[in-house]
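Here's a walk through the pockets and the packing of one protein model. Have the structure open as you read.

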Amino acid sequence: MATGIEAMVDLRRMTVEDLAAAHTLSSEQKWPHRIEDWEMLFGLGFGYVVERDGPEGQREVIGTAMAWLYGEDAATLGMVIVSPQAQGMGLGRRLMEAVLGDLGTRTVLLNATDEGAPLYRKLGFATIGPVFQHQGAAFAVPMAELIPDERVRPLGAKDMATLHDLARRATGMDRDALLDALVPGAQGVVLTRCNEPVGFALFRRFGRGYVVGPTVAPDSGGAKALISHWLGSNAGMFCRLDVPEESGLGGWLDELGLPCVGRVVRMVRGPQPVIDPSVTTFSLTTQALG
């Protein structure tokens, strides 16, 4: 029988009407998401909220969790937030179990804070490795050193099939719907070698400024060429990149003036997606979407 806070709290599916309250929760956590970022995330996925009676009998949202589907067998999970006033009540677990119940047997990936990681381990998640958040506005970017027959060119309307293929190979997941949603609101460039597309990077509004991601390339030199294009043409603007440790870009970004300001841990429940070693994700779309 439910007692205490559990008897006062309802768990239900998230609706578009919950986004303003969800934005308030993320702002309390000092997360940078704008209401527009919440709208984008909701448009791409689904979620749950927990709510309770607030002042004057109005219901107030005190927790969220969301997920995004990639093909038939994979998903990412994120935006797991519980109001500071309601933490320690097991609400994070209730939200996670609700989302995971809908995801069934899919492989699920997430990026965990140090505070959230113990719960995720109890729910069957295993650690993959850290992701580092680099950001800033006072950066200086030298001209990218391109190898012979290498070029960075604008993304064209006929490039979507190539982006789909590169993203699938780099993540081991079907990311077509995500890219189809992101590209119209982003700027994009493609890396070519001998006129063949081998990588790409998007640049778009997010949080306090702009995010460079996803960035997919065959090697770190290609990734630096793509990222340098966006940073070099947007000097003085606040930019953020979330880079996996194995990208090897952390020290380079520090030297440019984009210091590391945070860290999360990538975790997976289920078989880890099989990635093509000839192409790599060098910066994430967002920490939630991966």
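## The second largest pocket

In this predicted model, the second largest pocket holds about 510 Å³ of space. Its lining runs to 32 residues, and Ala170, Thr171, Arg266, Ile275 and Thr281 are the ones nearest the centre. Sorted by class, that lining comes out as 18 nonpolar, ten polar and four charged residues.

As for where the wall comes from, E5, H6, H7, E10 and strand E13 (280–283) each put in at least two residues.

## The largest pocket

Now for the largest pocket, with about 1,100 Å³ of space. Here 46 residues make up the lining, and Gln29, Trp31, Val80, Ile81 and Thr113 sit nearest the centre. The class split is 22 nonpolar, 17 polar and seven charged residues.

Which element gives the most to this lining? That's E4, with six residues. At least two residues each come from E4, helix H4 (91–103), strand E5 (107–112), helix H5 (117–122), strand E6 (126–136), strand E10 (209–217) and strand E12 (260–269).

## The nonpolar cores

The largest nonpolar core has 34 residues, and Trp38, Trp68 and Phe200 touch the most other members. Helix H2 (19–28), helix H3 (35–44), strand E3 (59–70), strand E4 (74–82), helix H6 (160–171), helix H7 (176–182) and strand E9 (196–206) each chip in with at least two residues. H6 has the largest share of this core, at five residues. H6 also supplies at least two residues to the lining of the second largest pocket.

Phe200 is worth clicking on. Skipping its neighbours within four places in sequence, Phe200 contacts Leu163, Leu166, Ala167, Leu179, Val189, Val190, Leu191, Pro214, Thr215, Val216 and Leu226. Apart from the largest core there's another one, of 27 residues, including Tyr48, Val50, Val82 and Leu100.

## Helix H2, side by side with its cover

Are Leu19, Ala22, Leu25 and Ser26 of H2 buried or exposed? They're buried. Because these residues cover an arc of only 115 degrees around the axis, they end up on the same side of H2. The cover over the buried residues of H2 includes H3, E3 and E4.

Just past the end of H2, Lys30 takes a positive phi of about 70 degrees.

Methods
Residues numbered from 1 in each chain as written. Predicted model: local features only at pLDDT ≥ 70, side-chain atom pairs only at ≥ 80, totals over all residues. Heavy atoms only, no water. Core = buried A, V, L, I, M, F, W, Y, C linked by side-chain atoms within 4.5 Å. Buried < 20%, exposed > 50% of the residue type's maximum accessible area, 1.4 Å probe, protein only. Helix = DSSP H or I, 4+ residues; strand = E, 2+ residues; numbered from the N terminus. Contact = heavy atoms within 4.5 Å. Arc of directions from axis to C-beta. 1 Å grid on protein atoms, 1.4 Å probe; cavity = no way out; pocket = protein on both sides within 12 Å on 5 of 7 lines; lining within 4 Å. Points joined across faces, edges and corners; volume = space filled by probe spheres on them. Nonpolar A, V, L, I, M, F, W, Y, C, P; charged D, E, K, R; others polar.
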